[in-house]
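Here are my notes after going through the model. Have it open while you read; the points follow below.

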Amino acid sequence: MTQPVDIRRVPDAFRAFRVLDGCCCIGGGTEGYRRAFGPACHITGVDIEPQPDYRGDAFHQGDVIEYIRAHGAEFDFIHVSPPCQGEGAPAKGTNSARNAKLGRTYPRLIAPVRAALESTGRPFVVENVAGSEVRKDIRLCGEQFGLGVLMHRYFELGGWTAVQPDHPKRRGYVRGWRHGKYREGPYVAAYGQGGGKATVGEIRTAKGIDWSTDHFRLREALPPAYTQWIGRAFLVQHGAGLGVAA
């Protein structure tokens, strides 16, 4: 059962374009869609865990599939980022110990999420990692946006399409220890702790996230630049018909 908690209200005139960010974490994806769609949108986040640093307009704690089935058709655009640990990306470093201590398990959610999304008839995006079952329509990387993380992520587009952007050659190494050798580099490892991995401040800078200081959630969050690109690609096709500037 979902438990609604309103974070911030906006005037009715600005609710014409409604976005749902499922498995939202602190709202890295939310912030990107905000930048793409502008102030004339209202973004609701859903997550199974409390997210006190969530970036959007409203937050609902609960099961994302249940929420999509109950309310998905009320939104104009839906994004879901199922936990990658259940989709082919084992937890790294101290994440493993933290997950075990907190009793976290990560089921494979992409197929049921996709089914729920398709039932809404709304355009959607499902984001995940290379080893997941997500359809690899678009691949994005931090180097495409000049970020300090590489963090390859894949996006399945439902009900719309986009052209894959060029993938530039990486500029060097990810800083830290690997195979017993320490390397400097223009990118930081935004997972785990120790061994040259990124600090809170470094992750904030590398991902372009300035509203949270939670190390674990910063590691989990999408860089806003990714969903800003996705949102703008969507508007190239549909912006004129939605009352949102492309």
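1. Let's start with Glu-31, which sits in helix H1 (helices are DSSP runs of H or I, at least four residues, and strands are runs of E, at least two, numbered from the N terminus). Glu-31 counts as buried, because its relative accessibility is 12%; buried means under 20% relative accessible area, exposed over 50%, and partly exposed in between, with a 1.4 Å probe and protein chains only. Setting aside neighbours within four places in sequence, Glu-31 contacts Arg-55, Trp-211 and Pro-224 (contact means heavy atoms within 4.5 Å).

2. Before going on, some ground rules. This is a predicted model, so local features need pLDDT of at least 70 and side-chain atom pairs count only at pLDDT 80 or more, while totals for chains, interfaces and linings use all residues. Residues are numbered from 1 along each chain as its sequence is written, and side-chain values use heavy atoms, with hydrogens and water left out.

3. The largest nonpolar core has 38 residues; such a core is a set of buried Ala, Val, Leu, Ile, Met, Phe, Trp, Tyr and Cys residues joined through side-chain atoms within 4.5 Å. Tyr-33, Phe-37, Phe-77, Val-125, Phe-155, Trp-160 and Ile-230 touch the most other members. Elements giving two or more residues to this core include helix H1 (28-37), strand S8 (153-158) and helix H7 (224-242). H7 gives the most, with six residues.

4. Have a look at Val-125. Not counting residues up to four places away in sequence, Val-125 touches Tyr-33, Phe-77, Ile-78, His-79, Val-80, Phe-155, Glu-156, Leu-157, Trp-160 and Ile-230. Apart from the largest core lies another, of 19 residues, among them Val-64, Phe-75, Leu-117 and Val-126.

5. Strand S8 is largely enclosed by the rest of the structure, because six of its six residues are buried. Arg-153, Phe-155 and Leu-157 cover one side, and Tyr-154, Glu-156 and Gly-158 the other, all of them buried.

6. On pairing (at least two DSSP bridges between two strands): S8 runs antiparallel to strand S6 (residues 124-128) over five bridges, and antiparallel to S7 over three. Phe-155 in S8 is the bridge partner of Glu-127 and also of Ile-138.

7. How many disulfides does the structure hold? Zero, taking a disulfide as a pair of cysteine sulfur atoms within 2.5 Å. For Cys-24, the nearest cysteine sulfur is that of Cys-25, 7.3 Å away. Cys-24 counts as buried at 4% relative accessibility, and Cys-41 counts as buried at 1%.
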